[in-house]
Amino acid sequence: DAWSEFNGLEIGNPEELADDITGLMSTNSFLFIMQAHHIYRLTYQRDPGLDGGVFLSIRRGCINNRSWVHVDGVTYILDVRGVYRFDGGHGVEDVSAPIQDLIRETDGKFSLNWKAAKYFHATHNRSENVVRFFVCLSGQRLPRHALVFNYMIEQWSIEEYVHPVGSSQAIEFMLESREIVSGTASLVFIRGKETLDGTNGVS
């Protein structure tokens, strides 16, 4: 709300201008502008409208604004090439090599449905030391599966849910990390807890 509507900053060269902006991310005192295939860093000294500049940070992107999470100084991000770890500078480490067959667009049952990528989302469970990327597999329109990465032991697993999971949010409760997820019929659940935990989404 402090940005004048008459100010503007150009992002990238003409080739990269065609890359869609998919989200914004704040980390390490910088604002990162995420595209499908690039991430830019906005920097300034006094006023971004006067001395601000946008610089290419990495040639990896983010599929949408809900498909990244911060974990202990790094960010785990999903793009069309897979999941990678970003340190906020120029450091990128791909972590999804073991599940690359799922990432590739194939005709198999167990591959991501990139046409439904706008519904993908991610959450971080600190108590379990895992990051979950809720995704749609082939033939699915809404997320019914999660690609789960345990960053302590660098191991992947896949979870399947009875109902589509439209969104997720991590919270801290009683010194425990929990995940609130939305389901069908306006229901909200606490993932991994008792079957009837949650609310009806109304109260």
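Biologist: In strand E6, which residues point one way and which the other way?

Modeller: In a regular strand the side chains alternate between the two faces of the sheet. In this predicted model, Val74, Tyr76 and Leu78 point one way from E6, while Thr75, Ile77 and Asp79 point the other way.

Biologist: Is strand E6 mostly covered or mostly exposed?

Modeller: Buried means under 20% relative accessible area. Strand E6 spans residues 74-79, and six of its six residues are buried.

Biologist: In what order do the strands of this sheet lie?

Modeller: The open sheet has four strands in the order E5-E6-E7-E8, with antiparallel pairing. Strand E5 (68-71) and strand E8 (92-94) are the edge strands, each pairing on one side only. From one strand to the next, the twist averages 25°.

Biologist: How many bridges join E5 and E6?

Modeller: E5 and E6 pair in the antiparallel sense over four bridges. One pair to look for is Val71 with its bridge partner Val74 in E6. The two strands form a hairpin with two residues between them. Asp72, in that turn, has a positive phi of about 50°.

Biologist: What joins E6 to E7?

Modeller: A hairpin through two residues makes that connection. The strands run antiparallel and are joined by five bridges. Here Asp79 stands opposite Gly82 in E7.

Biologist: And how many bridges are there between E7 and E8?

Modeller: Strand E7 (residues 82-86) pairs with E8 over three bridges, again in the antiparallel sense. Across this pairing, Arg85 stands opposite Glu93 in E8.

Biologist: Turning to the cores, which residues touch the most other members of the largest nonpolar core?

Modeller: A nonpolar core is a set of buried nonpolar residues joined through side-chain atoms within 4.5 Å. The largest one here has 26 residues, and Tyr76 and Phe133 touch the most other members. At least two residues of this core come from each of E5, E6, helix H3 (100-103), strand E10 (130-135) and strand E11 (145-150).

Biologist: Which residues does Phe133 touch, not counting residues up to four places away in sequence?

Modeller: Among them are Tyr76, Ile77 and Leu78. The contacts of Phe133 also include Ser67, Val83, His121, Ala122, His145, Ala146, Leu147 and Trp156.

Biologist: Which residues does the second core include?

Modeller: That core is separate and has ten residues, including Met25, Ile39, Ile58 and Ile77. Back in strand E6, Tyr76 and Ile77 point opposite ways. Tyr76 belongs to the largest core, whereas Ile77 belongs to the second.

Conventions
Residues numbered from 1 in each chain as written. Predicted model: local features only at pLDDT ≥ 70, side-chain atom pairs only at ≥ 80, totals over all residues. Heavy atoms only, no water. Pairing = 2+ DSSP bridges. Axes fitted to C-alpha atoms, helices over the stretch in contact; angles between N-to-C directions. Buried < 20%, exposed > 50% of the residue type's maximum accessible area, 1.4 Å probe, protein only. Contact = heavy atoms within 4.5 Å.
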